[in-house]
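Work through the exercises below with the sequence and the coordinates open. Each task is followed by a stepwise solution.

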Amino acid sequence: MSNEDKSSNKVELENADRRKFFGKTALLGAGAVAAPMTAAMFASMAKANASEAGNSAFVHPGDLDEYYGFWSGGHSGEVRILGIPSMRELMRIPVFNTDSATGWGLTDESKRIKGDSAHLLAGDSHHPHMSMTDGRYNGKYVFINDKANSRVARIRCDIMKCDKMITIPNVQAIHGLRVQKVPHTKYVICNGEFEIPMNNDGKSSMRDVDTYRSLFNVIDAETMEIAFQVMVDGNLDNTDADYDGKYFASTCYNSEMGMNLGEMITAERDHVVVFSLARCEAAVKAGKFKTYNGNNVPVLDGRKGSELTRYIPVPKSPHGMNTSPNGKYFVANGKLSPTVSVISIKKLDALFANKIKPRDAIIAEPELGLGPLHTAFDNKGNAYTTLFLDSQIAKWNVEDAIAAHNGKKVNYIRQKLDVHYQPGHNHTSAGETRDADGKWLISLCKFSKDRFLPVGPLRPENDQLIDISGDEMKLVHDGPTYAEPHDCMIVHRSKMKPLKLWPRNDPFFAETIAQAKKDGVDVYTQSKVIRDGKKVRVYMTSVAPNFGLTDFTVKLGDEVTVIVTNLDQVEDVTHGFCLTNHGVQMEIGPQATASITFTADKPGVQWYYCNWFCHALHMEMRGRMFVEA
Ligand code: RUQ
Ligand code: CUA
């Protein structure tokens, strides 16, 4: 047999397997054609199907997924929404990037939201996490960090758009980010990873590493302003919160404060820093802080010996930090050590009261394999840890690991599953909340290598869906993704209430409407051109397939703002405004108002058109800007 024959055989075998996999669903479809099935018939067949084969990852066309997955987009700078378990990509939310479909980064509204960083067109988003009430997702906000430009952004989940963004002062590279879980998300917490001089003004001590610090950052989730920062020893990596509203914990690699790789990995142990929220808040109230770099953000001193923090030594360069959903443990993932360190949250009171030594808070340190990076949990006491170097997920039982630590002879490892390849984060359905349900696990693999058709030297990553509802983990789906989902989280759809139409006067564009009022324009009824010196504001409505103005006239060199209000009341009828040859593009959702500002620097006739397909006469939805020389 020639090589070619072999490979074609292989394809046929794989297709046969696929047919088996989808066989039951195909039958369901055939049944529906022969005699329309009732919802109850569907449900009972689906149930039988599920009990035979564990969770089914196949979601029939037209059926809805059970979960929303929120994915970070890494150095693409965005956030993506996937349906779980189908892994269908539902939406992209531009955040730190620029997006021509929605006009994010181009519109006046998005520039206002981006604020002092509106001029930055790039970002590196890592950790999307949803706001919570009593340790459960509340469907209100998703927060995300930008490591590249030290920012934190918030997404409003009713409209699925970014509505706030701040640049964190006194730090460089915001990395680990989580939310306060209990009693609710009053604070978003995040780590400044790269240590820098305090102050970092270029005047003194740039080469004196002793003045370098890394800060823990606490942000008010509603105002999106910094509440306070805490200076630590070493630098910080990932973080998480407890289920009591008392403690936050962050991993620290490079406790050596090395400035190059060799220096950063000399120490056999680094640490986990635990922060007492009550003590930090009291210190801020009592004025026990300093300010730096000419801003007035309170910076507390949480270095070793401080009453605000405790340092728990753990093996070499820990990375992920994950709280178990029963609220009992912080798990620090070893990275350069084959172990994870299990910290008893119950013992932290005693640690802060100096009744026990830091290492006494560690109640297990199971050896799992090479390169443990992140851990997720089910609702049955099991943990799932990614092993980057082994390209595996280790499923282990937490109580058994504790028993083994106490000298009992038990095997805490339940299973190791190959993943493809080199996983970073993983995440279980609702696994970072009290609602952890032990159904699905996502492994975010950094490499896909041979898993997909080759697409040139740059390959997709591979987000794998794993069924964890039974005793054994089962790989059920490969999902290629574009650079680079670092982290994700999975929210049950019952938690989400996204809007179908924009509310009129929504805060997202309230400033634009306020300007219209000052101009004497009612955007919901009028199309009108207002001249204000060299500035021209062009207000127009849109109703498929018409703009409120089929033309308007400006002078060469004018600063033009086009404000479009979409009066369509129909779900899913979005219009766009695109001015040819000007780099001007934006989305206007139903009942929304959006605006964009540019210079009319080309004389003559300049066509504008609707760039979101809205109607059979969408192509005809256009008009002319006359620019007089
Ligand atoms: S990190 S691969 Cu940016 Cu979350 Cu661990
Ligand atoms: Cu309006 Cu296309």
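**Exercise 1.** In which sense do E20 and strand E21 (residues 362–364) pair, and over how many bridges? Place E20 among its neighbours in this predicted model.

Solution.
1. E20 pairs with E21 in the antiparallel sense, over two bridges. In E21, alanine 364 is the bridge partner of valine 342.
2. E20 also pairs with strand E19 (residues 329–333); this pairing is antiparallel and has five bridges. Here the bridge partner of valine 342 is valine 331. Valine 342 of E20 thus has a bridge partner in E19 and another in E21.
3. E19 and E20 form a hairpin with six residues between the strands, and in that hairpin lysine 335 takes a positive phi near 55°.
4. Next, test for burial, for which the cut-off is under 20% relative accessible area. Five of the five residues of E20 (residues 340–344) pass, so the strand is largely enclosed by the rest of the structure.
5. Sort the residues by face: Val340, Val342 and Ser344 lie on one side, Ser341 and Ile343 on the other, and both faces are covered.

**Exercise 2.** Is threonine 323 buried or exposed? Describe its surroundings.

Solution.
1. Locate the residue: threonine 323 belongs to strand E18 (residues 321–323).
2. Its relative accessibility is 2%, so threonine 323 counts as buried.
3. Look for a polar partner: the threonine 323 side chain reaches the backbone oxygen of alanine 241 at 2.8 Å.
4. List the contacts, leaving aside neighbours within four places in sequence. They include Asp240, Ala241, Asp242 and Tyr243, as well as Tyr329, Phe330, Ile345, Phe377 and Lys181.

**Exercise 3.** Which residue forms a salt bridge with arginine 136? Examine this pair, then two further pairs and a network.

Solution.
1. Apply the distance test, a side-chain nitrogen within 4 Å of a carboxyl oxygen. Arginine 136 and aspartate 435 satisfy it, with their closest N and O atoms 2.7 Å apart.
2. Map the partners: arginine 136 is in strand E5 (residues 136–146), and aspartate 435 is in the loop between strand E26 (423–428) and strand E27 (440–445), so the salt bridge ties together parts 299 residues apart in sequence.
3. Check exposure: arginine 136 is partly exposed at 31%, and aspartate 435 is partly exposed at 25%.
4. A second salt bridge joins arginine 414 to aspartate 400, at 2.6 Å between the closest N and O atoms. Arginine 414 sits in strand E25 (residues 413–418) and aspartate 400 in helix H7 (residues 398–405), 14 residues apart. Arginine 414 is partly exposed, with 41% relative accessibility.
5. A third joins arginine 359 and glutamate 365 at 2.9 Å, N to O. Arginine 359 has a relative accessible area of 25% and is partly exposed.
6. Glu78, Arg80, Glu89 and Arg92 are linked in a network of salt bridges. The full count is 33 salt bridges.

**Exercise 4.** Does the radius of gyration of the protein chain agree or disagree with that of a compact globule?

Solution.
1. For 629 residues, a compact globule would have a radius near 25 Å; the protein chain has 27 Å, which agrees.
2. The C-alpha trace spans about 85 × 75 × 50 Å along its principal axes.
3. For burial, 53% of the 629 residues count as buried.
4. The secondary structure comprises eight helices and 40 strands.
5. Of the contacts between residues at least 6 apart in sequence, 59% join residues at least 24 apart.
6. The exposed area is about 27,100 Å², of which carbon and sulfur atoms supply 54%.

Terms used
Residues numbered from 1 in each chain as written. Chains lettered and ligands numbered in written order. Predicted model: local features only at pLDDT ≥ 70, side-chain atom pairs only at ≥ 80, totals over all residues. Heavy atoms only, no water. Helix = DSSP H or I, 4+ residues; strand = E, 2+ residues; numbered from the N terminus. Buried < 20%, exposed > 50% of the residue type's maximum accessible area, 1.4 Å probe, protein only. Polar contact = N/O pair within 3.5 Å; in protein donor to acceptor, adjacent residues only side chain to side chain. Contact = heavy atoms within 4.5 Å. Rg over C-alpha atoms; globule rule 2.2 N^0.38 Å. Areas by Shrake-Rupley, 256 points an atom, 1.4 Å probe, with all protein chains shown as cover. Pairing = 2+ DSSP bridges.
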